[in-house]
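Dear colleague,

I am passing on the structure we spoke about, so that you can have it open while you read. My notes on what I found follow below it.

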Amino acid sequence: MQMKNKRKKYAKSAHAFTQARKNIPGGVNSPVRAFGGTGLKPLFIAAAKGSKIYDIDSNEYIDYVGSWGPMIVGHAHPKVLKAIQAAAKKGTSFGAPTLAETELAKKIIAAFDSIEKVRLVSSGTEAVMTAVRLARGYTKRDLIIKMAGCYHGHSDSLLVAAGSGVAEKGTPSSAGVPDAIAKLTIVVPYNDINAVKTAFKVHKNKIAACLIEPVAANMGLVPPTEGYLQNLHDLCCQNNALLIFDEVITGFRLALGGAQQLFGVKADITCLGKIIGGGLPAAAFGGRADIMDMLAPTGTVYQAGTLSGNPLATAAANATLNMLTKQNCYRKLEILSAKLEKGLTDAAKEANVPVTINRVGSIMCCFFTDKPVRNFVDVRSTNIKQFKKFFAEMLKQGIYLAPSAYEAMFVSLAHSREDIEKTIEAAKNSFRKISRKSR
Ligand SMILES: *Cc1c(COP(=O)(O)O)cnc(C)c1O
């Protein structure tokens with residue numbers, strides 16, 4: 001099979017990275033951007049449009065990172081740009097309430113059955129951090145349960161790894177996180193309901209909340225097993241703890257009402273981000289009114305933000321959500337993503353490279369393993385060397401995948417059938433090369 005393989009040049013990106021590293025720690029403003037998981041140097045991006053992204057060496061790629069999830073309608077969508085421009089003309093920040101914030105809040109409440117009130121913030125980290133504080137304030141308890149491999153932003157309570165035993169208190173997963181704080185988080189394996197039961201038993205009446213990505217999308221992509229989310233919901237109820245769904249990725253991605261709608265399980269507090277910023281910094285958390293009203297200024301749980309509900313971000317969010325409420329969006333994403341999944345599966349089989357592809361809607365991950373991937377231990381046992389080769393080969397052929405074996409790929413409404421077909425062709429070549437190299 002012949003593939004026009006114009007040799008790509010990366011000289012400008014390489015130079016830019018050298019300069020950046022002199023001025024910015026590691027040359028990047030968020031670690032995974034450094035391409036550390038690939039053995040390559042990062043591309044510096046000049047622009048993006050629709051499903052394509054362009055680096056400063058003028059290479060074009062079909063983009064499956066989508067800014068790590070937000071760009072569900074594609075890059076630089078004319079309607080989003082128009083909304084941002086119109087808002088910018090009227091002033092970029094007031095630190096006072098605006099009509100557009102209520103409009104956005106109403107849209108979020110309409111989409112999620114479990115949300116009666118919602119507060120806007122500027123990042124997913126902030127949303128989850130505050131949801132945890134709110135759960136602690138509401139229940140008057142200190143401990144929280146999180147699942148290994150789920151990412152909830154970089155607040156202290158959530159940069160925590162599992163302790164030594166089941167239901168054991170956690171240990172810091174980052175320098176600078178005090179032991180005393182890590183100890184308040186219990187980390188259990190994803191998809192293991194018995195571990196949660198044990199934690200509730202061992203720490204009776206002390207657990208404020210169970211926090212989970214209902215579909216785990218920060219360890220590749222790991223769906224919940226049958227009944228897991230419902231069981232988690234029931235356990236929280238029985239123990240008077242709150243269930244917090246971190247739908248920063250899955251909200252408005254898997255369905256308008258997120259993973260909750262897809263799996264029919266309601267959370268007490270839901271965290272949103274990524275898509276609801278429409279590519280600008282915005283996030284949110286919401287839930288039952290009695291819980292949400294505990295926030296300042298009505299309640300005693302403090303939270304604030306200078307740029308919360310920022311007019312530009314809110315305009316981008318409203319424009320994006322308006323498009324997503326149009327019929328057929330999620331059907332279209334499903335069809336495109338299913339086609340990509342099948343193409344990748346067949347290509348790997350043809351080349352005799354064992355892979356497990358996990359997919360829920362427009363989020364998927366190709367794991368290099370012949371085993372099922374159901375939790376973080378499974379994810380960590382996949383073949384990273386093969387991932388690196390695959391990543392490099394795909395990049396050469398103009399496909400921009402997430403630069404880490406632990407990150408998912410995102411299909412957007414801007415991806416065309418032709419994009420998907422090109423991607424499958426590139427994957428065929430890439431899998432073949434891997435198979436040859438490992439022989
Ligand atoms: C990205 C992400 C966050 C953090 O959001 P930021 O906007 O990067 O702070 C939290 N939770 C999940 C599930 C995420 O994917």
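Contact, as I use the word here, means that heavy atoms lie within 4.5 Å. With that in mind, and remembering that this is a predicted model, you may like to begin at Asn-358, which in the model is in contact with Leu-221, Val-222, Pro-223, Ile-363, Met-364, Cys-365, Phe-367 and Val-373, once its neighbours within four places in sequence are left aside. Asn-358 belongs to strand 13, which covers residues 356–360, and it counts as buried because its relative accessibility is 9%, where the limit for buried is under 20%. One of the residues it touches, Leu-221, also offers a polar partner, since its backbone oxygen lies 2.8 Å from a polar atom of the Asn-358 side chain.

Before going further, a word on confidence. The pLDDT averages 96 over the protein, and 98% of the residues score at least 70. Residues 1–5 have a pLDDT below 50, although this stretch still has 7 contacts in the model beyond near neighbours in sequence. Where pLDDT is low, the predicted coordinates should not be read in detail.

Helix packing comes next, and helix 10 (residues 311–324) is a convenient element to follow. Two packed helices are described by the angle between their axes and the distance between the axes. For helix 2 (residues 78–89) and helix 10, the axes come within 8 Å and cross at roughly 150°, which makes helix 2 roughly antiparallel to helix 10. The crossing of these two helices is right-handed. On the helix 2 side the residues that meet helix 10 are Lys-79, Val-80, Ala-83, Ile-84, Ala-87 and Ala-88, and they face Pro-311, Leu-312, Ala-315, Ala-316, Ala-319, Thr-320 and Met-323.

Helix 10 also packs with helix 3 (residues 99–111), here at an angle of about 35° and with the axes 9 Å apart. This crossing, of helix 3 with helix 10, is left-handed. Helix 3 contributes Ala-100, Glu-101, Glu-103, Leu-104, Lys-107 and Ile-108, which meet Thr-314, Ala-317, Asn-318, Leu-321 and Asn-322 of helix 10.

Ala-282 has a link to this part of the model, since Ala-313 is among its contacts, along with Val-121, Ser-122, Gly-273, Lys-274, Ile-276 and Gly-277, when residues up to four places away in sequence are not counted. Ala-282 sits in the loop between strand 11 (269–272) and strand 12 (283–287), and it counts as buried because its relative accessibility is 13%. If you want a sense of distance across the model, the C-alpha atoms of Ala-282 and Phe-390 are separated by 33 Å, with their positions 108 residues apart along the chain.

Another pair of this kind is Gln-386 and Ala-304, which are 82 residues apart along the chain and whose C-alpha atoms are separated by 45 Å. Gln-386 is part of helix 13 (residues 384–396), and with a relative accessibility of 12% it counts as buried.

Thr-125, in helix 4 (residues 124–139), is buried as well, at 16% relative accessibility. Its side chain reaches the backbone nitrogen of His-154 at 3.4 Å, and beyond neighbours within four places in sequence Thr-125 is in contact with His-152, Gly-153, His-154 and Ser-155.

Finally, there are some backbone details that you may wish to look at on screen. Most residues other than glycine have a negative phi, and most peptide bonds are trans. Against that background, the peptide bond from Ala-296 to Pro-297 is cis, with omega near 10°, and Pro-297 is found in the loop between helix 9 (289–292) and helix 10. Ser-67 has a positive phi, near 55°, and lies in the loop between strand 3 (60–63) and helix 2; with a relative accessible area of 40%, Ser-67 is partly exposed. Asn-205 likewise has a positive phi, near 60°, and is placed in the loop between helix 6 (193–202) and strand 9 (207–212). At 52% relative accessibility, Asn-205 counts as exposed, because the limit for exposed is over 50%.

With kind regards

Key:
Residues numbered from 1 in each chain as written. Predicted model: local features only at pLDDT ≥ 70, side-chain atom pairs only at ≥ 80, totals over all residues. Heavy atoms only, no water. Helix = DSSP H or I, 4+ residues; strand = E, 2+ residues; numbered from the N terminus. Buried < 20%, exposed > 50% of the residue type's maximum accessible area, 1.4 Å probe, protein only. Polar contact = N/O pair within 3.5 Å; in protein donor to acceptor, adjacent residues only side chain to side chain. pLDDT = per-residue confidence, 0-100. Axes fitted to C-alpha atoms, helices over the stretch in contact; angles between N-to-C directions. Parallel < 35°, antiparallel > 145°, perpendicular 65-115°, else oblique. Left-handed = near helix turned anticlockwise from the far one by under 90°.
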